[in-house]
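Let's look at a structure together and ask why its parts get the labels they do. Each answer puts a value next to a cut-off and draws the conclusion.

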Amino acid sequence: MGGPYPQTLQKTWATAAAEWFPFNPWRLRPGPEIVAVPEPTDDLSTVTRELWLPVEPA
């Protein structure tokens, strides 16, 4: 998802909650959430971010 941080991260969380979790057999579990930056650029203007969430079967 594109956009300025932290708005992009907030939108990613909202999308996971509204569009992914209701239709998949998983639920959040206690644990750390991770924002991964697999290929950072020098100025972070075009960086890809990934939100990693701890899940378990529902």
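**Why the labels fit**

The structure holds 1 aromatic pair, and the model you're looking at is a predicted one.

Q: Why is the pair of Trp 20 and Phe 21 called edge-to-face?
A: The ring planes of Trp 20 and Phe 21 sit at 85 degrees. Planes over 60 degrees apart count as edge-to-face, so that's the label this pair gets.

Q: What makes Trp 20 and Phe 21 a pair to begin with?
A: Their ring centres are 5.0 Å apart, and the cut-off for pairing is within 6.5 Å. So the two rings pair up.

Q: How do you know whether Phe 21 is buried or exposed?
A: Check its relative accessibility, which is 16%. Buried means under 20%, so Phe 21 counts as buried.

Q: And what does Trp 20 count as?
A: Trp 20 comes out at 37%. Buried stops at 20% and exposed begins over 50%, so Trp 20 lands in between and counts as partly exposed.

Q: What makes the contact of Arg 27 and Glu 56 a salt bridge?
A: Their side chains meet with 2.9 Å from N to O. The rule asks for a nitrogen of Lys or Arg within 4 Å of a carboxyl oxygen of Asp or Glu, so this contact qualifies. The structure holds 1 salt bridge.

Q: Why can we say that this salt bridge ties together parts that are apart in sequence?
A: Arg 27 lies in strand S1 and Glu 56 in strand S4 (residues 55-57), so the pair links parts 29 residues apart in sequence.

Q: How do you know what to call Arg 27 and Glu 56 in terms of accessibility?
A: Arg 27 has 42% relative accessibility, and Glu 56 has 26%. Partly exposed runs between the 20% and 50% cut-offs, so Arg 27 counts as partly exposed and so does Glu 56.

Q: Which residues make the nonpolar surface patch?
A: Trp 20, Trp 26, Leu 28 and Val 55 make a patch of about 340 Å².

Q: What makes Leu 28 accessible enough for a patch?
A: Leu 28, found in strand S1 (residues 26-28), has 41% relative accessibility. Patch residues need over 30%, so Leu 28 passes that test.

Q: What is the pattern of the protein chain along the sequence?
A: The protein chain reads α-β-β-β-β, with 1 helix and 4 strands. Of its 58 residues, 10% count as buried.

Definitions and conventions
Residues numbered from 1 in each chain as written. Predicted model: local features only at pLDDT ≥ 70, side-chain atom pairs only at ≥ 80, totals over all residues. Heavy atoms only, no water. Patch = residues over 30% accessible without salt bridge, like charges linked within 9 Å, V, L, I, M, F, W, Y side chains within 5 Å. Areas by Shrake-Rupley, 256 points an atom, 1.4 Å probe, with all protein chains shown as cover. Helix = DSSP H or I, 4+ residues; strand = E, 2+ residues; numbered from the N terminus. Buried < 20%, exposed > 50% of the residue type's maximum accessible area, 1.4 Å probe, protein only. Phe/Tyr/Trp six-rings, centres within 6.5 Å; stacked < 30°, edge-to-face > 60°.
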